[in-house]
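Please take a first tour of the structure shown here. The report covers its domains, its pockets and a few local features.

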Amino acid sequence: MTKDVVVAAAPEAAAVVSRVAACVEYRGTAYRGWQRQQPGVPSVQEAVEKALSRVADHPVNLFCAGRTDAGVHASGQVIHFDSHARREPRNWIHGANANLPPDISLSWVKYVPEDFHARFSASARRYRYVIYNDPIRPAHLAHEVTWNYRPLDLTRMQQAARALLGQHDFSAYRAVACQAKSPIKTIHHLELVRFGQFIVLDIRANAFLHHMVRNIAGVLMQIGCGDKPVAWAEEVLDGQDRRHGGLTAPGYGLYLVDVTYPQHFALPERYLGPHFLSGLNERLPRIC
């Protein structure tokens with residue numbers, strides 16, 4: 001009996017475990033964020049794990065680059081998981097997408113070295129906050145953009161944003177419940193551009209605090225509509241007090257669009273999203 005057990009277990013013990021990286025895009029409207037929740041609460045992570053587990057024929061546990069909040073979207077969320085299943089990248093993609101709901105899809109898959117980690121190997125993350133600026137409420141993209149009916153002065157918003165570039169203590173721009181160990185982050189790139197009726201806040205940093213981009217967007221919109229002076233963005237920053245930071249902009253205008261990793265991992269590149277703003281990439285390229 002003992003001999004039979006040893007022989008039966010040998011093939012599984014010899015199975016080679018590989019690390020797989022992938023890119024996920026999703027519309028976050030129907031989910032309580034990326035992270036797996038208690039039973040019955042929908043999350044993006046749970047949906048993707050179930051789909052990949054069916055393809056792998058074993059349970060899959062995912063790690064992501066950034067845990068987006070409820071209602072927040074992504075066009076460039078990077079994940080990784082370990083599997084002993086041997087599948088071609090195209091099989092992972094098509095198999096997972098066949099088992100995913102229509103508001104989530106994998107866009108690429110690549111085998112990576114075992115030292116790759118979707119979160120800890122990342123050197124920067126990039127978000128876009130999309131504002132639809134028009135007097136009339138939009139019937140389309142209602143849960144994928146933030147509507148602001150008041151005319152926004154783009155020049156004032158751009159001037160105010162300059163004070164946030166570089167390394168700062170962003171305590172005033174973090175959520176009260178933020179659990180990050182340090183409020184000091186470095187913003188490498190922060191631009192605002194008008195694209196038709198959209199105003200897009202495009203921001204790239206080494207890391208972000210909880211609600212940091214949404215709080216920045218909230219401050220800049222108050223400045224853009226004339227409620228606050230241009231200098232207010234810097235005053236909020238220097239005050240280091242979230243209570244004086246104004247309103248937090250809604251989550252449904254926010255997109256995780258890109259994650260930067262060391263070049264030796266050679267991860268695939270896809271155009272920056274969201275899809276309806278793909279033409280914006282001529283003005284805001286990937287490398288900032």
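Two residues are in contact when they have heavy atoms within 4.5 Å of each other. By that rule, 8 residues of domain 1 are in contact with 8 residues of domain 2. The model is a predicted one.

**Two domains and their interface**

The domain assignment splits out domain 1 (18-121) and domain 2 (124-252). Their C-alpha centres are 28 Å apart. The size of an interface is often given as the accessible area lost when the parts come together. Here, domain 1 and domain 2 bury about 670 Å² between them. Carbon and sulfur atoms account for 46% of that area.

Which three residues give the most to the area that domain 1 buries against domain 2? They are Asp69, Val72 and His73, and they supply 47% of it.

Side chains of opposite charge can pair when their charged atoms come close. Between domain 1 and domain 2 the count is 1 salt bridge. Asp69 also forms a salt bridge with Arg214, and the closest N and O atoms of this pair are 3.7 Å apart.

**Two pockets**

Rolling a probe the size of a water molecule over the atoms shows where empty space is left. The table sets out the two largest pockets.

| Pocket | Volume | Lining residues | Lining by class |
|---|---|---|---|
| Largest | about 1,300 Å³ | 39 residues | 19 nonpolar, 11 polar, 9 charged |
| Second largest | about 400 Å³ | 21 residues | 12 nonpolar, 4 polar, 5 charged |

Start with the largest pocket. Gly66, Arg67, Arg119, Phe208 and His210 are the lining residues nearest its centre. Three elements give two or more residues to this lining: β2 (63-64), β5 (124-133) and α5 (212-224). Of these, α5 gives the most, with 3 residues. Which domains feed this lining with at least three residues each? Both domain 1 (18-121) and domain 2 (124-252) do.

Now turn to the second largest pocket. Nearest its centre lie Asp258, Val259, Thr260, Glu269 and Arg286. The elements that give two or more residues to the lining are β3 (73-83) and β10 (254-260). The most comes from β10, with 4 residues.

**Salt bridges across the chain**

How many salt bridges does the structure hold? The count is 9. One of them joins the side chains of Glu25 and Arg270, at 3.5 Å from N to O. This pair links distant parts of the chain. Glu25 sits in strand β1 (residues 18-26), while Arg270 is in the segment after β10. The two residues are 245 residues apart.

**Backbone exceptions**

Most residues other than glycine have a negative phi, and most peptide bonds are trans. Two places in this model depart from those habits.

Leu141 is not a glycine, yet its phi is positive, at about 60°. Where is Leu141 found? It lies in the loop between β5 and β6 (146-148).

The peptide bond from Gly273 to Pro274 is cis. Its omega is near -5°. Pro274 belongs to the segment after β10. Arg270, the partner of Glu25, is in that segment too.

Methods
Residues numbered from 1 in each chain as written. Predicted model: local features only at pLDDT ≥ 70, side-chain atom pairs only at ≥ 80, totals over all residues. Heavy atoms only, no water. 1 Å grid on protein atoms, 1.4 Å probe; cavity = no way out; pocket = protein on both sides within 12 Å on 5 of 7 lines; lining within 4 Å. Points joined across faces, edges and corners; volume = space filled by probe spheres on them. Nonpolar A, V, L, I, M, F, W, Y, C, P; charged D, E, K, R; others polar. Domains from an automatic or database assignment. Buried area = accessible area lost by both parts, 1.4 Å probe. Salt bridge = Lys/Arg side-chain N within 4 Å of Asp/Glu carboxyl O.
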